[in-house]
Amino acid sequence: MEYGSIEREIHVDAPPGVVFEVVSRPEHISQWWSDGADVEATPGAVGELVWGDRTDVLPITVVDAEPPRRFSFRWCYPDGEADASAASLLITFELTPSGAGTRLRLTETGFREMGWEAAKLAERYRDHVSGWDLFVPRLGEYAARLVSAP
């Protein structure tokens, strides 16, 4: 297996502006992915994703924020601290209007560049694949509920 990138694509029953907010704003991220988040959708902004009672806190650095088309950030830094010179994974959400909704394409890259030995690379890649298989549909369902709520 190559372990180059993970790609997921779904149709979301919400307009791109709503989907952009869902993938980039802390109050929304914590509804479909992490237990908490703190980040501004501004290139260069450093924030964090939180799981549990701050048992796992991962820094993220916003790379791109082009509402309502694109949001990307780096995460999974080797030393647990945001470091532009360190290897990290890059997550990109590309949003394209599709009828009354949005075609969301998620891409996560950088696995091979992390320098992990083969078994760890395979394990981390599998973990992220199964994670996105769970969280991307949740993202779509959450965004659709936002626009259907009275």
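I began with A144, which I found in helix α3, the element spanning residues 118-148; the model I am reading is a predicted one. For a distance along the chain I took D133, eleven residues from A144, and the C-alpha atoms of the two are separated by 18 Å. I then looked up the contacts of A144, leaving aside its neighbours within four places in sequence, and noted D13 and A14.

Helix α3 came up again when I turned to the largest pocket, because I wanted to know which element gives the largest share of its lining: this is α3, with six residues. The lining is made up of 17 residues, and those that lie nearest the centre of the pocket are W51, L58, W75, C76 and H128. Besides α3, strand β4 (56-66) is an element that gives two or more residues to this lining. For the volume of the largest pocket I wrote down about 380 Å³, and for the character of its lining I recorded ten nonpolar, three polar and four charged residues.

My last entry concerns S24, which is found in helix α1, residues 16-24. Is S24 buried or exposed? Its relative accessibility is 2%, and since buried means under 20%, S24 counts as buried. I next checked the side chain of S24 and found one of its polar atoms 2.7 Å from the backbone oxygen of F20. Leaving aside neighbours within four places in sequence, I listed I29, V39, A41 and F71 as the residues in contact with S24.

Technical notes:
Residues are numbered from 1 along each chain as its sequence is written. This is a predicted model: local features need pLDDT of at least 70, side-chain atom pairs count only at pLDDT 80 or more; totals for chains, interfaces and linings use all residues. Side-chain values use heavy atoms; hydrogens and water are left out. Helices (H or I, at least four residues) and strands (E, at least two) are DSSP runs, numbered from the N terminus. Contact means heavy atoms within 4.5 Å. On a 1 Å grid over the protein atoms alone, a cavity is a set of points where a 1.4 Å probe fits but cannot get out, and a pocket is an open set with protein on both sides within 12 Å along at least five of seven lines; lining residues have an atom within 4 Å of a point. Grid points are joined across faces, edges and corners, and a volume is the space filled by probe spheres set on the points. Ala, Val, Leu, Ile, Met, Phe, Trp, Tyr, Cys and Pro count as nonpolar, Asp, Glu, Lys and Arg as charged, and the others, Gly among them, as polar. Buried means under 20% relative accessible area, exposed over 50%, partly exposed in between (1.4 Å probe, protein chains only). A polar contact is a pair of N or O atoms within 3.5 Å; within protein, one must be able to donate a hydrogen and the other to accept it, and residues adjacent in sequence count only if both atoms are side-chain atoms.
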